[in-house]
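Visitor: Hi, I'm new to this one. Could you walk me through it?

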Amino acid sequence: FVFVMGNAALTKASGRSCVPGGGKASSKSSSMDERIDALVLRLHEIEAVKFGSFTLKSGLQSPIYIDLRVIVSYPDVLTSVAECMWDVLASNGATFDNMCGVPYTALPIATCMSLNHDCPMLMRRKEVKEYGTKKAIEGAFEKGQTCLLVEDLVTSGMSVMETVRPLQHVGLKTTDVVVLIDREQGGEATLKKNGLKLHAVLPLSRVLRVLEKEGKMSKELVEEVQQFIAANQTGGEKKEEAPKKRETYTERAKIASNQCAKDMFHLIDKKKSNLCVAADVDTAKELLELAETLGPEICMLKTHCDLYPDFTEDFGEKLQAIAKKHDFLIFEDRKFADIGNTVVGQYSSGVHKIADWSHVTNAHIVPGSGIIDGLKSVGLPKKRGLLLLAEMSSKGTMANGAYTEAAIQMAKDHKDFVMGFIATNPNAWKVEWSKGLINMTPGVQLQVGGDSMGQQYNTPMNVICNNGSDVIIVGRGIYKAKDPAKAAREYRNAGWEAYEKSVE
């Protein structure tokens, strides 16, 4: 019984389209106009629409304030809102396969519409989690389906676009947006410019007209609101320029300060590979053999030289020859974490002499910026690059929040030597960082999941498109594969496809 129900639900979620007007009719007997006018009065009654003097997020003083979050406490209003929005879609002939509410106020509205009309619903995560499935879009759907956007209020249209992009990244089409109130401040123009048709139940002008007619507003107050709206247009054309398209690797190379970062960006673009293989093998012999096999597919090889009992003085020379032959960079994952004076010796001398053969290494920022000064004194003259560990992919990591922001600041202070970060979700960072820096993300597999040691895996598409990283780091998914070369090609193609989609 459970199996049959599950398949029935899946068929519904990915099968037929939702056609407003072609299914369950509204239970209200009054005309649509009468119901919408009654809804305006009810919204005013519950103070979802207020008048006075309000400070908006922008700092402007507004004579009107619309707060639709309150409707969840009034089931009759929530139901009426959902039905009116559905009826507007029916009147305009919109069709779609599923719907997605813009977080967060529109979620209960979309839920009502979904339940009342048997139409599948999806959810967009405003913050993509660093554990579990790590999906930006939750729910059952198929690529190529058309998803309706559900929003409570549209001003500039930008909040809608923030949900449109993740939907498009997972292969869904977006053509229509339904909203309860359009403030008529340029949002419709912005959406139209992006190929979206806005279906509004209530243009703000209608709200004002109904409330004035019913004696809830004076003529003077209506004029004040109208003047405010006219004077504070968002300017659809200008606003849409803000979220700039992701820069290409070549464009990023032009603004990189570190020579190794410049070389890396150019190499990635020329080779059409943003794949770094984490070759965590047990011996130097295995590492060199793997480098030869995978070299044609990768932009970088990540090593752990302290794992190799057969490490010899000529290891670096041999690996550099292979790297030159197949055109990739070497990244010794040393994770330096000591004070400046100590790391100078660890980097330049000792058994491994890392700075002599590895183009790139990395460091924790726990000791403070002195660790960068120490490594720089050795690496900068050799045109090496340093990656700072801004975030990590292991479960329970403490490399986040203020730690991440400190790493970004240190990179800014040492832009000649710091070439980028080990990171998991740069798009979620709340502070600015130079796009001349490279973001590399470990823990990547073609399927999401984790291992018994707490490593959390993510997909190339999510890492590059949704999280804004530049290079995928793949370990066991390649070097433990039955055919490592074939697996590397699959990851290379997946990583590059994600990049091309991100710059469309």
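Guide: Sure, here is a short tour, from the whole chain down to single residues.

Guide: This is a predicted model, so local features need pLDDT of at least 70 and side-chain atom pairs count only at pLDDT 80 or more, while totals for chains, interfaces and linings use all residues. Residues are numbered from 1 along each chain as its sequence is written, and side-chain values use heavy atoms, with hydrogens and water left out.

Visitor: Okay, how many helices and strands are there in the chain?

Guide: The chain has 20 helices and 18 strands. Those are DSSP runs numbered from the N terminus: H or I of at least four residues for helices, E of at least two for strands.

Visitor: And what share of the residues counts as buried?

Guide: 52% of the 504 residues. Buried means under 20% relative accessible area, exposed means over 50%, and partly exposed is in between, with a 1.4 Å probe and protein chains only.

Visitor: How much area does the chain expose?

Guide: About 23,100 Å², with carbon and sulfur atoms supplying 52% of it. Areas come from the Shrake-Rupley method with a 1.4 Å probe, and for residues only the protein chains shown count as cover.

Visitor: What about contacts between residues 24 or more positions apart?

Guide: They account for 71% of the chain's contacts with a separation of 6 or more. Contact means heavy atoms within 4.5 Å.

Visitor: Let's go inside. Which residues touch the most other members of the largest nonpolar core?

Guide: Phe 421 and Met 440, in a core of 85 residues. A nonpolar core is a set of buried Ala, Val, Leu, Ile, Met, Phe, Trp, Tyr and Cys residues joined through side-chain atoms within 4.5 Å. Setting aside residues up to four places away in sequence, Phe 421 touches several residues, including Leu 387, Ile 408, Trp 429 and Met 440. There is also a second, separate core of 47 residues, with Ala 48, Leu 89, Ile 109 and Leu 202 among them.

Visitor: Now pockets. What volume does the second largest one have?

Guide: About 660 Å³. On a 1 Å grid over the protein atoms alone, a pocket is an open set of points where a 1.4 Å probe fits, with protein on both sides within 12 Å along at least five of seven lines; lining residues have an atom within 4 Å of a point. Points are joined across faces, edges and corners, and the volume is the space filled by probe spheres set on them.

Visitor: Which of its lining residues are closest to the centre?

Guide: Out of 26 lining residues, Lys 143, Val 170, Thr 459, Met 461 and Asn 462 are the closest to the centre of the second largest pocket. The elements giving two or more residues to that lining are α18 (460-466) and α20 (484-502).

Visitor: What kinds of residues line that pocket?

Guide: Nine nonpolar, nine polar and eight charged. Here Ala, Val, Leu, Ile, Met, Phe, Trp, Tyr, Cys and Pro count as nonpolar, Asp, Glu, Lys and Arg as charged, and the others, Gly among them, as polar.

Visitor: Switching topic: which residues are joined by a cis peptide bond?

Guide: Pro 103 and Tyr 104, where omega is about 0°. Tyr 104 sits in the loop between β3 (98-101) and α4 (106-117). Most peptide bonds are trans, and most residues other than glycine have a negative phi.

Visitor: What is phi at Lys 353?

Guide: Near 45°, a positive value in a residue other than glycine. Lys 353 belongs to the loop between α14 (340-348) and α15 (354-357) and is partly exposed at 36%. Lys 383 has a positive phi too, near 60°, and its loop runs between α16 (370-379) and β13 (385-389).

Visitor: Is Lys 383 buried or exposed?

Guide: Exposed, because its relative accessible area is 59%.

Visitor: And Thr 146, buried or exposed?

Guide: Thr 146 counts as buried because its relative accessible area is 17%. Thr 146 lies in the loop between β5 (137-138) and β6 (147-154). Apart from neighbours within four places in sequence, its contacts include Phe 96, Asp 97 and Lys 173.

Visitor: Last one: where is Thr 55?

Guide: In strand β1, residues 49-55. Thr 55 is exposed at 55%, and touches Leu 60 and Gln 61, not counting residues up to four places away in sequence.
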